[in-house]
Amino acid sequence: NRETMACGGYYGSDIKTFLAWQKDKVTRDNGQPDASVLDEDAVQLVTWHSSKGREWPIVAVCGMDNDFAPRLPATRVAYHDFSDLGGLLDKVKVEILPNFDSSETNQMFLVDLLKDAEESATRLLYVALTRAREKLILEWPCHHEKTRDTRKNKSYWDLFTEKTGAYLSGGKMMIGEIAYDYRTIATDNEPWAVEVFSLKTQLSPIGRRAIIPQPLPTDLTPEAITPSSLHNEAYELNGTRIDKQYGDILAIEIPGVDDPLEKGTLLHRAFEILCGHQERAGLLSDAIGYQLDGSQVAALYAALHAFDKWLEQEVSPLSIHSEVPLLALNSRGSVVSGFADMIVETADAFWIIDHKSDQVSTDKLLEERCNTYYPQLNCYAESLQKVRPDKPVRGIILNWVSFGKVSVWVTSASEI
């Protein structure tokens with residue numbers, strides 16, 4: 001809604017911001033497991049179609065000797081008159097071409113389909129041949145040269161040589177007036193069956209394209225970052241930290257939940273749902289997906305009530321927003337994309353709040369965890385200030401939910 005976007009949106013978004021958001025969304029929504037090896041050390045098998053838009057250092061294009069003749073039955077959409085685009089759909093036709101018993105009738109239809117099949121094959125071949133950054137490996141189907149005149153259909157190799165005029169001469173592969181270096185890889189059945197040629201005369205001196213690995217450049221500006229990726233980053237402290245106790249230790253066990261990380265996620269979800277909305281207590285079990293008994297609900301309610309009471313007394317919120325999306329450009333030009341646990345708006349300022357379930361049972365552990373999370377919260381604060389310059393960010397708060405304690409960084413002259 002507009003109120004949430006006012007806190008979390010970026011009204012001046014440009015194409016770079018949108019693309020970064022889109023890239024982050026694709027990453028978050030990706031259900032594939034993480035690769036178990038580095039991608040530059042792995043072999044990926046993909047179809048020509050699915051290789052579109054992707055690149056690899058070395059690509060082997062297989063299946064060049066396959067033919068691409070049209071086949072029956074077939075279906076195609078036909079529209080020939082573009083003079084009236086508004087009425088185009090009224091004139092479009094769906095053509096169904098069946099497979100007849102008569103070979104002569106089939107041949108008439110196949111001749112009509114051949115042009116479209118060749119155009120489609122040309123586009124597909126172009127995709128396959130342009131995926132390599134350094135080296136391209138092509139099958140050289142020698143047997144096709146011997147049987148060219150007796151074959152019924154064209155192959156992709158025939159199409160490649162016909163469209164490019166490629167041939168071998170004097171240790172070079174010639175395509176038009178451009179000469180490419182190549183080397184042959186022998187097979188058991190043919191004296192030379194695969195050609196490898198370089199697509200670049202000079203390789204990059206760094207990164208995966210390098211012949212000799214070199215250190216990557218330092219001090220690069222990333223295109224996009226997430227605040228949570230900044231844990232333990234070096235930072236300049238903005239404000240002084242105050243630790244305060246607002247409630248009791250939250251001692252709660254949830255049946256079937258033994259993993260501390262999973263338990264922390266459930267506690268986080270409880271604070272997200274109930275902070276500022278204690279009337280939702282009856283919905284808690286359904287919201288976290290676990291059936292809680294009366295004592296468990298009471299313990300959570302007491303912790304949440306204590307935090308709400310402290311927040312009301314110390315901050316006096318006008319409104320509370322949970323899971324607020326933040327999208328902005330930081331001072332270095334990187335797109336910052338993330339979700340703040342809570343943003344509290346007061347009459348004259350904003351507060352950033354993050355709920356944490358870490359076991360900060362000693363002052364040393366508390367100090368370590370504060371140093372870990374401060375860059376993340378400070379990034380949220382800077383991003384919010386970018387999208388809402390009308391109000392200052394007064395401070396940032398870490399809520400240690402299991403200990404009824406907060407760590408507060410006040411970033412202005414006011415004290416909490």
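Where is Ser 316 found? In this predicted model, Ser 316 sits in the loop that runs between helix H9 (294-314) and S11. Its phi is positive, at about 55 degrees, although Ser 316 is not a glycine. Most residues other than glycine have a negative phi. Ser 316 is partly exposed, with a relative accessible area of 42%.

A second positive phi occurs at Glu 323, which is not a glycine either. Here the angle is near 50 degrees. Glu 323 belongs to strand S11. Its relative accessible area is 27%, so Glu 323 counts as partly exposed. Ile 320 is also placed in strand S11, which covers residues 319-329. Ile 320 is partly exposed, at 26% relative accessible area. Between Ile 320 and His 277 there are 9.6 Å in space, C-alpha to C-alpha. In sequence, Ile 320 and His 277 are 43 residues apart.

The interior comes next. The largest nonpolar core has 31 residues. Phe 271, Phe 307 and Trp 310 have the most contacts inside this core. Two or more residues come from each of helix H7 (260-274), H9, strand S12 (335-345), strand S13 (350-356) and strand S15 (405-410). H9 gives the most, with 7 residues. Phe 307 has contacts well beyond its neighbours in sequence: leaving aside those within four places, it touches Tyr 246, Phe 271, Cys 275, Ile 353, His 355, Asn 399 and Val 406. A second core is separate and has 23 residues. Among its members are Ala 328, Phe 350, Tyr 374 and Trp 409.

Aromatic rings form a further set of contacts. The count comes to 8 aromatic pairs. One of them joins Tyr 246 and Trp 310. This pair is tilted, with 6.5 Å centre to centre and 35 degrees between the planes. Tyr 246 lies in the loop between strand S10 (240-245) and H7, and Trp 310 lies in helix H9, so the pair ties together parts that are 64 residues apart in sequence. Tyr 246 is buried, with a relative accessible area of 12%. Trp 310 is buried too, at 7%.

Another tilted pair is formed by Tyr 374 and Trp 409. The ring centres are 5.0 Å apart, and the planes make an angle of 55 degrees. Tyr 374 is in helix H10 and Trp 409 in strand S15, so this pair links parts that are 35 residues apart in sequence. Both Tyr 374 and Trp 409 are buried. Elsewhere, Trp 48, Phe 68 and Tyr 156 make up one aromatic cluster.

Helix H10 spans residues 363-387 and has 25 residues. From its first C-alpha to its last, H10 reaches 35 Å. That is close to the 36 Å expected at 1.5 Å a residue. H10 nevertheless bends, by about 40 degrees, at Tyr 373. A proline, Pro 375, follows within four residues.

Two lysines lie over aromatic rings. Lys 356 is placed over the face of Tyr 373, at 4.0 Å from the ring centre. Tyr 373 is thus both the site of the bend in H10 and a ring covered by a lysine. The charged end of Lys 391 sits over the ring of Phe 350, 5.8 Å from its centre. Phe 350 is also one of the residues included in the second core.

Notes
Residues are numbered from 1 along each chain as its sequence is written. This is a predicted model: local features need pLDDT of at least 70, side-chain atom pairs count only at pLDDT 80 or more; totals for chains, interfaces and linings use all residues. Side-chain values use heavy atoms; hydrogens and water are left out. Buried means under 20% relative accessible area, exposed over 50%, partly exposed in between (1.4 Å probe, protein chains only). The expected span of a helix is 1.5 Å times one less than its number of residues. The bend at a residue is the angle between axes fitted to the seven residues ending there and the seven starting there. A nonpolar core is a set of buried Ala, Val, Leu, Ile, Met, Phe, Trp, Tyr and Cys residues joined through side-chain atoms within 4.5 Å. Contact means heavy atoms within 4.5 Å. Rings of Phe, Tyr and Trp (its six-membered ring) pair if their centres lie within 6.5 Å; planes under 30 degrees apart count as stacked, over 60 as edge-to-face and the rest as tilted. A charge sits over a ring if NZ of Lys or CZ of Arg is within 6 Å of the ring centre and within 35 degrees of the ring normal.
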